[in-house]
Amino acid sequence: MIGAASVLALAIVVVVLAPPASPDDLLPILVSGGALCVGILARHRTPGLAWASLVVASLAAAGVPIALSRVANPGVIGLGEWLVVAGRSSAAAIVTMAIAALYATRPERPAARRVTTLAMVLVAWLSAGFLVIVLLVIAGTRADPELTWVDIATRPTALFRLVVLLLAAFGVAGDIRAAAIRADARLADAGFDGGVDHGRSRAQLADRVRTTLRELVPGEADAGAAAVDAERIRLAGDLHAVVLPSLRRAIAEVEAGGPAETLAQRLHAVDLELERIMADRWPLVLETFGLVEALEDLAERTEAEAGVQVGLEIVGPDGDARGGRPRPDIERTAWRIAQVALDNAVRHAAAKEISLTVFVSPERIKLTITDDGRGFTSATATDAVRSGSRGLADLARRASAVGGSLVIDARQPSGTIVRFDWPAGA
Amino acid sequence: MIRLAVVDDHPAILDAIVDAARSRPGIEVVGRATDVDAAIELVEQARPDVVVCDVWIGGQPGGLQLVKRFGGGRGPRMLMLSGFEQPSFLRAAFEAGAAGYISKASEIDEILAAVEAVAVGETRFPAVTLSALRDAPRPPSAREMEALRLLARGATNDEIAVGLGISIKTVESHLRRLFGRYGVLSRTELALLAVREGWLSTDP
């Protein structure tokens with residue numbers, strides 16, 4: 001449907017403005033051209049923005065022939081010429097309204113049927129209005145001697161802008177409402193109690209608003225779904241590449257009459273492999289004991305497996321943790337960032353020493369991971385992305401998804417520093 | 001007669017332990033439960049001497065909840081069963097007053113022997129079941145060594161923090177990691193281990 005709207009808007013802009021326009025029309029031409037480009041470019045990623053841009057583009061373009069038709073006097077320019085002018089302005093206005101009506105009545109809208117009816121009535125009425133003007137002019141009659149053709153032409157065109165804006169407002173309201181519904185569902189998934197105390201605190205309200213704004217861009221949510229798919233495939237790949245061969249080898253050896261000790265050894269290896277694959281994905285210690293202990297666990301495992309030193313420093317006010325924990329999705333994001341940063345430092349940067357610094361409170365997480373590895377250049381980073389390693393891009397997206405920021409810097413003379421900062425209600 | 005209750009959300013494991021316990025002289029099975037609420041009711045009504053309890057029940061650390069509620073006081077002796085090797089779980093169970101913590105991979109006879117041991121007041125925290133000792137544990141880092149040196153001299157966490165110029169939370173974190181890595185549960189054990197391993201021999 002938005003494709004059809006784009007074509008309509010393009011048609012208005014081209015047909016209405018194609019004949020050499022006067023220099024006075026430069027501004028509407030620029031505005032409508034720019035808005036049209038935005039609309040067409042954004043139509044997949046941000047349909048709401050695209051619709052609004054298309055409405056603006058056609059509104060700006062339609063303004064040119066409408067202004068022209070107001071000053072055109074059939075008595076001066078002749079009936080034929082006047083009909084062309086009036087026809088162009090009427091067509092532009094009606095198509096503009098149709099685009100706004102399409103936006104207001106996009107099928108996924110609740111209450112779309114009532115708005116559709118209203119839009120159809122308005123379009124029909126204004127079309128009839130334009131027709132009546134044309135007929136009156138052709139017939140050369142005036143019903144009311146006081147009423148000039150200019151008045152008759154001006155009334156519907158003034159109304160026309162109002163109607164288009166009204167329809168567009170319906171569209172925008174529908175977009176925001178749908179996004180708010182999706183955002184609430186997402187926050188509920190994330191363990192955020194949006195159902196009962198609807199934004200009781202300012203931080204909660206800010207979370208709701210931010211998530212809603214994010215939901216206005218459906219591409220963002222799609223990227224999240226794609227990341228889940230990718231993770232499933234990675235899990236299957238790990239099981240296939242690591243666990244299955246060990247199991248099959250164990251089966252083959254037992255069938256060939258191998259000793260029980262070998263079987264036990266093989267199964268032990270499978271056990272360790274499974275445990276590692278699970279620990280990467282199911283952060284039990286994180287869920288049960290919180291971020292600090294989970295980072296300790298991560299640091300210990302990295303030290304044991306990779307033979308590097310991982311220091312952990314906890315900053316911030318001392319005292320018990322009775323203030324509570326950050327939201328579960330924030331904790332998971334911070335933990336995931338630490339995990340990937342450690343993994344990168346060990347595997348790609350050949351770091352010998354890594355240090356984590358963390359500040360945790362229910363309203364703020366600051367996490368810094370510094371290593372002494374060989375760091376990166378923009379060239380190696382680009383290569384990594386090209387070869388399918390999307391780790392850093394995924395992390396940055398996850399960080400912004402929860403309203404945090406992720407900064408990755410090269411250190412001097414070598415090494416990498418990864419900083420995650422999450423303020424509640426940012 | 002030891003009055004035993006068994007709590008596990010996994011029917012096969014529950015059956016295996018209950019069956020073996022029934023045929024063991026000196027143990028009477030007074031009840032079984034598969035979720036936290038049923039376990040609380042069971043303990044309050046049947047008043048068992050020992051509860052064998054899974055750490056992870058119904059997708060959450062329900063066993064830790066139970067040990068926090070009943071462990072340490074005059075209630076039953078809580079013997080935790082765990083499929084997890086993370087030291088955090090062992091430490092949490094210990095701190096909540098569990099009488100023991102053993103791996104789910106243990107033989108049933110071992111589990112029942114542990115039941116008999118905790119029933120007479122012993123504790124069973126066999127550190128060898130933990131992943132810490134799966135790989136040969138590595139020696140403490142330079143920073144950890146400094147903390148150990150102060151700890152062995154009897155310094156409190158505050159004093160260690162001041163001495164090393166780090167936060168108390170970081171000191172606690174250092175100690176938790178050392179506890180986990182070497183499978184010990186107290187500062188004293190840690191200090192003894194450090195002396196025994198000769199980590200502090202360079203100390204003047």
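**View 1. Helices α6(B) and α7(B) meet in a right-handed crossing.** This close-up, like the others here, comes from a predicted model. Helix α6 covers residues 142-152 of chain B and helix α7 covers residues 157-164 of chain B; their axes come within 10 Å and cross at roughly 135°. Oblique is the word for a pair set at that angle, because the label roughly antiparallel is kept for angles over 145 degrees. On the α6(B) side, the residues making the contact are B:E146, B:A147, B:L150 and B:L151. Their partners on α7(B) are B:E159, B:I160, B:G163 and B:L164. Sort the contact by class and you get five nonpolar, one polar and two charged residues.

**View 2. Helix α3(B) turns six named residues to the inside: B:G62, B:G63, B:L64, B:L66, B:V67 and B:F70 are buried.** The helix itself spans residues 62-70 of chain B. What do its buried residues pack against? Look for three strands of chain B, β1 (2-7), β3 (50-54) and β4 (77-82), along with the helices α2 (36-46) and α4. After the helix comes B:G72, and its phi is positive, near 80°.

**View 3. The largest nonpolar core holds 84 residues.** Which of them touch the most other members? Those are A:A338 from chain A, plus B:L4, B:V52, B:L79, B:A93 and B:V115 from chain B. As for elements, helix α13 (residues 328-347) of chain A gives the most to this core, with nine residues. Zoom in on A:A338 and, once its neighbours within four places in sequence are set aside, you'll find it in contact with A:L295, A:L298, A:L356, A:L367 and A:I369. Another core, of 40 residues, lies apart from the largest one, and its members include A:I12, A:A50, A:A62 and A:I66.

**View 4. Chains A and B each bring 19 residues to their contact.** Now for the chain B side. Two elements there give two or more residues to the side that touches chain A: α4 (87-95) and α8 (168-182) of chain B. Of these, α8(B) supplies the largest share, eight residues. And the mix of classes? The residues on the side of chain B that touches chain A split into five nonpolar, seven polar and seven charged. If you've come from View 2, you've already met α4 of chain B, since the buried residues of α3(B) pack against that helix too.

Notes
Residues are numbered from 1 along each chain as its sequence is written. Chains are lettered from A and ligands numbered from 1 in the order in which they are written. This is a predicted model: local features need pLDDT of at least 70, side-chain atom pairs count only at pLDDT 80 or more; totals for chains, interfaces and linings use all residues. Two residues are in contact if their C-beta atoms, placed from the backbone, lie within 7 Å. Helices (H or I, at least four residues) and strands (E, at least two) are DSSP runs, numbered from the N terminus. Ala, Val, Leu, Ile, Met, Phe, Trp, Tyr, Cys and Pro count as nonpolar, Asp, Glu, Lys and Arg as charged, and the others, Gly among them, as polar. A residue is buried if 20 or more other C-beta atoms lie within 10 Å of its own, exposed if 12 or fewer, and partly exposed in between; C-beta atoms are placed from the backbone. Axes are lines fitted to C-alpha atoms, for helices over the stretch in contact, and angles run from 0 to 180 degrees between N-to-C directions. Angles under 35 degrees count as roughly parallel, over 145 as roughly antiparallel, 65 to 115 as roughly perpendicular and the rest as oblique. A crossing is left-handed if the near helix is turned anticlockwise from the far one by less than a right angle, and right-handed if clockwise. A nonpolar core is a set of buried Ala, Val, Leu, Ile, Met, Phe, Trp, Tyr and Cys residues joined through C-beta atoms within 7 Å.
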